[in-house]
Amino acid sequence: MKKIECIIMDWAGTAVDYGCFAPVAAFLKAFAEKGLTVTMEEARGPMGMTKIDHIRELFKLPSVTEQFKQNYNRNWTEEDVVSIYKEFEKHLFASLEEYTTPIPGVIEVIEKLKRDGIKIGSTTGYTTAMMDIVLPGAATHGYTTDNCVTSNNLPAGRPQPYMIYQNMINLAIPSVQSVIKYGDTIADIKEGVNAGVWTVGVILGSNEMGLTQEETGKLPAEELNRRMAAVRKRMYMAGAHYVVNTIAELPEIIEIINHKMN
């Protein structure tokens with residue numbers, strides 16, 4: 001009987017850090033220090049990618065490229081990418097521990113899945129050094145996974161599939177049909193699609209929504225539904241098999257997939 005054996009979770013915006021704010025704040029500060037304005041919406045666009053790749057994508061934005069030319073009378077180079085990445089790391093490391101609180105419902109659902117015999121892997125746009133802060137921080141709040149893979153020592157990060165494959169190796173999962181990738185960014189969705197696994201996007205608490213829990217709660221129902229529908233559409237267009245409002249729906253999705261495979 002075919003069935004789901006492994007859930008591969010993302011971290012910020014999926015498991016911890018409601019709204020995915022830790023990296024956004026660090027991106028904005030790092031670019032601002034170089035006299036470059038990046039909007040919050042622009043900063044969220046490549047979210048989920050390895051962070052230096054994320055910064056490279058922000059440099060490619062026409063508005064940022066033009067600002068750089070005006071400020072420095074030349075085109076940006078890879079040295080500029082590395083320079084801002086160093087500033088980004090400085091800001092992120094200074095605040096990262098504050099953003100390790102699990103998103104509501106995550107601990108309860110993941111613990112239930114573990115009791116059901118499902119292994120919990122994880123991938124991330126953070127580096128190993130960043131996860132050395134996030135992992136123990138989340139653990140103090142009661143959230144742990146069976147495995148965590150970063151793109152360090154792999155050919156590439158998201159949207160490439162290598163971190164998912166490394167999870168499968170580490171957790172001894174023999175088939176992509178037995179795996180769900182669960183995440184909150186378009187990069188997460190594309191990672192799952194490229195790996196050939198079942199891919200599920202989550203809306204509330206996500207980078208794609210980009211709201212704090214308090215802001216989400218204060219939105220009028222009509223506006224909240226409109227924003228959620230827009231996120232759902234983007235995730236399905238990116239290739240998601242399913243999109244859920246919260247992780248509370250994940251066990252039901254697992255049952256649906258198990259039924260489909262048998």
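I will go through the overall build of this protein chain and then its cysteines, keeping in mind that what we are looking at is a predicted model.

Let me start with the fold as a whole, where the secondary structure of the chain comes to twelve helices and five strands. The radius of gyration is 18 Å, close to the 18 Å that the globule rule gives for 262 residues, so the chain is as compact as a globular protein of that length. Taken along the principal axes, the box filled by the C-alpha atoms is roughly 65 × 45 × 35 Å.

Turning to the interior, 51% of the 262 residues count as buried, and among contacts with a separation of 6 or more, 73% are accounted for by residues 24 or more positions apart. On the outside, the chain exposes about 11700 Å², of which carbon and sulfur atoms supply 53%. As for charge, there are 26 positive and 32 negative charges, and the mean positions of these two sets lie 4 Å apart.

Now to the cysteines: how many disulfides does a search of the whole structure find? The search finds zero, and for Cys20 we can say why, because its sulfur is 15 Å from the closest cysteine sulfur, that of Cys148, which is too far for a bond when the cut-off is 2.5 Å. Cys148 is likewise in no disulfide, the nearest cysteine sulfur to it being that of Cys6, 12 Å away. With regard to solvent, Cys20 counts as buried, at 2% relative accessibility, whereas Cys148, at 24%, counts as partly exposed.

How values were computed:
Residues numbered from 1 in each chain as written. Predicted model: local features only at pLDDT ≥ 70, side-chain atom pairs only at ≥ 80, totals over all residues. Heavy atoms only, no water. Buried < 20%, exposed > 50% of the residue type's maximum accessible area, 1.4 Å probe, protein only. Helix = DSSP H or I, 4+ residues; strand = E, 2+ residues; numbered from the N terminus. Rg over C-alpha atoms; globule rule 2.2 N^0.38 Å. Contact = heavy atoms within 4.5 Å. Areas by Shrake-Rupley, 256 points an atom, 1.4 Å probe, with all protein chains shown as cover. Lys, Arg positive; Asp, Glu negative; His and termini not counted. Charge placed at Lys NZ, Arg CZ, Asp CG, Glu CD.
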